[in-house]
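Please work through the exercises below with the sequence and the model open beside you, and try each task before reading its solution.

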Amino acid sequence: RSRVSARIAGITPSATLAVDAKAKALKAEGRPVIGFGAGQPDFPTPDYIVEAAAAAVHERANHGYTAAGGLPELREALAAKTLRDSDFACDPSQILVTNGGKQAVYSAFATLLDPGDEVLLLAPYWTTYPESITLAGGVPVQVTADESTGYRVTVEQLEAARTERTKVLLFNSPSNPTGAVYPRDEVEAIGRWALEHGIWVVTDEIYEHLVYDGATAASMPAVVPELADQTLILNGVAKTYSMTGWRVGWIIGPQDVIKAASSFQSHLCGNVANVSQRAALAAVAGPLDAVHQMREAFDVRRKRIVSLLSAIEGVECPTPEGAFYAYPSVKALLGKEIRGQRPENTVELADLILREVEVAVVPGEAFGTPGYFRFSYALAESDLVEGVNRVASLLAEAK
Ligand code: PLP
């Protein structure tokens, strides 16, 4: 018998982690590596949130368990926040507080899927999605969009991928890794299609506040209200409030599903750390000024990185309208000779870039679409410029 279960052994080692591990090893040797890999804001958590958490630590009431579903005050605040930000009304009993958006993803699929149920997975996708679907016994069915449509899929593509086993459509706008934001009319068309075919929607809205150029992140069940009874909204404080380490996310959905997911959570982890929930309460009940300041900073870097990347021959970089990633195609450079080597795919090219100019980027293979790189622009602008310049000078040698 094998020591590790087939289910866990089947998890694909992440290409993101492979690059990251190499970058970290180089850094540990004292090399001046510039990393575009990290999917987290580089700002500290805003003061008022940290202070609320510091005060909460001293309260005896916060030293015990909370309800599995989360602090009642936090769920109230999340319902109010969802109405404010997404124009979607829900009751606190429809909310489950999870250990980060990541656990929201796992719990959503564990709660919805039976073995063999198919999930339409829009690619390029966030690395965690296919693993969480597979672990729950589901089958990810990839539907791919490329730069020619701004990385957005159409209803026709979804319809072509639909089978009688299709149970869920997984939607993520703004998207990690592409930064694509679906305009409201496309969100509506996709929502109506899901409604018509009785397909559940899991919509990951974790980047909702990071939108640029006047784009807005429309929430599917707000745009198609009849869909609410077959939709789970996933969200979290990590990206919006620079709170990646605090581990607070949530799921909003119909009461019966949230009840089932809460029961699962009560055995899985009990509840999210009480103090973290207090910090999240201060975040979501508070103003959005700090968020807007961070967004401004990201916007400056976004413009900078897109213009620098677009200037490189062989690199095609659509302008992302959301999140903090650029996702350029580098297909034109594959198979060319660079410093005596001929990388045939983006894993090899990323490896070459890391070795030769000490810049870490994540290859598209990690997101289901070889031929691309993901650059996170959540790093200091001076590093951003230096890093892209190094890549540009290396790629200029391609022949
Ligand atoms: N959803 C998407 C699309 C993400 O990119 C991430 C983080 O990278 C998450 C969810 C989960 O974030 P966390 O678990 O830190 O709340």
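The exercises that follow each give a task and then a stepwise solution.

The model is a predicted one, in which local features need pLDDT of at least 70 and side-chain atom pairs count only at pLDDT 80 or more, while totals for chains, interfaces and linings use all residues. Residues are numbered from 1 along each chain as its sequence is written.

**Exercise 1. Describe the shell of residues around the ligand.**

Start with the residues themselves: 13 surround the ligand, and the closest are Gly100, Gly101, Lys102, Asn176 and Gly236; a residue is near a molecule if its C-beta atom, placed from the backbone, lies within 6 Å of it. Next, sort the shell by chemistry, which gives three nonpolar, eight polar and two charged residues. In this sorting Ala, Val, Leu, Ile, Met, Phe, Trp, Tyr, Cys and Pro count as nonpolar, Asp, Glu, Lys and Arg as charged, and the others, Gly among them, as polar. Finally, ask which element supplies the largest share: helix 5 (residues 100-112) does, with three residues. Helices (H or I, at least four residues) and strands (E, at least two) are DSSP runs, numbered from the N terminus.

**Exercise 2. Which residues of helix 6 are buried, and against what do they pack?**

The buried residues of helix 6 (residues 128-135) are Tyr129, Pro130, Ser132 and Ile133. A residue is buried if 20 or more other C-beta atoms lie within 10 Å of its own, exposed if 12 or fewer, and partly exposed in between, with C-beta atoms placed from the backbone. Seen down the axis of helix 6, these buried residues fall within an arc of 165 degrees (taken from the directions from the helix axis to the C-beta atoms), so they line one face of the helix. The general background is that an α-helix has 3.6 residues a turn, so residues three or four places apart point the same way. For the packing, contact requires C-beta atoms, placed from the backbone, within 7 Å, and the partners are helix 5, strand 3 (118-123), strand 4 (139-144) and strand 5 (166-172). Just after helix 6, Gly137 takes a positive phi of about 90 degrees.

**Exercise 3. Work out the order and the edges of the open sheet of three strands.**

The order is 9-12-11, with antiparallel pairing, where two strands pair if DSSP finds at least two bridges between them. Strand 9 (325-326) and strand 11 (362-363) stand at the edges, each with a single partner strand, so one side of each is left without a neighbour in the sheet. Strand 11 is joined to strand 12 (residues 373-376) by two bridges, and Pro363 has Phe373 in strand 12 as its bridge partner.

**Exercise 4. Locate the cis peptide bonds at Pro124 and Pro174, and the positive phi values of Tyr151 and Ser242.**

Begin with the background that most residues other than glycine have a negative phi, and most peptide bonds are trans. The bond from Ala123 to Pro124 is cis, with omega near 0 degrees, and Pro124 lies in the loop between strand 3 and helix 6. The bond from Ser173 to Pro174 is likewise cis, with omega near -5 degrees, and Pro174 lies in the loop between strand 5 and helix 8 (184-196). Turning to phi, Tyr151 has a value near 65 degrees, sits in the loop between strand 4 and helix 7 (155-161), and is buried, with 24 other C-beta atoms within 10 Å. Ser242 has a positive phi of about 55 degrees, is found in the loop between strand 7 (231-236) and strand 8 (249-252), and is buried, with 22 other C-beta atoms within 10 Å.

Key
Two residues are in contact if their C-beta atoms, placed from the backbone, lie within 7 Å.
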